[in-house]
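Here's a quick tour of the charged side chains in this structure and who pairs with whom. Have a look at the sequence and the model first, then read on.

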Amino acid sequence: MIGSDAGDDAQRFTALYREHHLRVRDFARRRVGTDLAQEVVAETFLVAWRRLDDIPGVAIPWLYRVALYEIANLRRRQAKAVRLHDALREGGAEAAREDQANEVAELARAVAIAFGNLNERDQEILRLAAWEQLSSSQGAAVLRCSVPAYRMRLHRARLRLAVASGAREHLRPQPHDPPTAAPVRARAFTREHPSLHGPELVV
């Protein structure tokens, strides 16, 4: 990169960083914690600088995909357990102790435990849908699969979570509901359980 081209690239990269680095940071923080999130951000944008010409017009799915690779590398290098699982379990247990008679809290605890027992592939697609609120096309771009494949994988992950938590009855649409609509009760019990950090996990 030399001359005016280098200056243009620098301006483009600066704009890219300013627009997206907070979302990439939050994306990483929810997966590896605050202490390690900034390292993921730095590595992600280093790759972005080196591959600036490869970044599509809608950059965030591409950046999320790079961040996922960097997170995987970080976990391999440091051999750390994923702290999210413990946070989910502890949060669910605390809510249950506070109000054992509260059906909503009990169901949310079951969902948290069940989520922790899902395989990483199911967990990741649920995070993309619930936390990052990506569209099907954006999620498919992150996971490098077709939109129909992404939707099927998300449907199956939600079903496995529902079955494992005993919440399947809350997720089954009523006859008058659209096929993809989430029952109101499913939304309610997840909203009232902040330890899930992503109430849309099961919707």
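## A buried pair

Let's start with two residues tucked away from the surface: Glu 132 and Arg 31 are both buried. Keep in mind that this is a predicted model.

These two also form a salt bridge, with 3.1 Å between their closest N and O atoms. Arg 31 sits in helix α1 while Glu 132 lies in the loop between α6 and α7, so their contact ties together parts of the chain that are 101 residues apart in sequence.

## A second partner for Glu 132

Glu 132 meets Arg 30 in a salt bridge too, at 2.8 Å from N to O. This pair also links distant parts of the chain, 102 residues apart: Arg 30 belongs to helix α1 (residues 3-32), and the loop holding Glu 132 runs between α6 (120-130) and α7 (136-143).

Are these two buried or exposed? Glu 132 has a relative accessible area of just 7%, and because the cut-off for buried is under 20%, Glu 132 counts as buried. Arg 30, at 30% relative accessibility, counts as partly exposed.

## Arg 127 and the wider network

Next up is Arg 127, which forms a salt bridge with Glu 120, their closest N and O atoms being 3.0 Å apart. Arg 127 is buried, with a relative accessible area of 1%, whereas Glu 120 is partly exposed at 34%.

Here's how the pieces join up: salt bridges with shared partners connect Arg 30, Arg 31, Arg 75, Glu 120, Glu 124, Arg 127 and Glu 132 into one network. The whole structure holds 11 salt bridges.

Methods
Residues numbered from 1 in each chain as written. Predicted model: local features only at pLDDT ≥ 70, side-chain atom pairs only at ≥ 80, totals over all residues. Heavy atoms only, no water. Salt bridge = Lys/Arg side-chain N within 4 Å of Asp/Glu carboxyl O. Helix = DSSP H or I, 4+ residues; strand = E, 2+ residues; numbered from the N terminus. Buried < 20%, exposed > 50% of the residue type's maximum accessible area, 1.4 Å probe, protein only.
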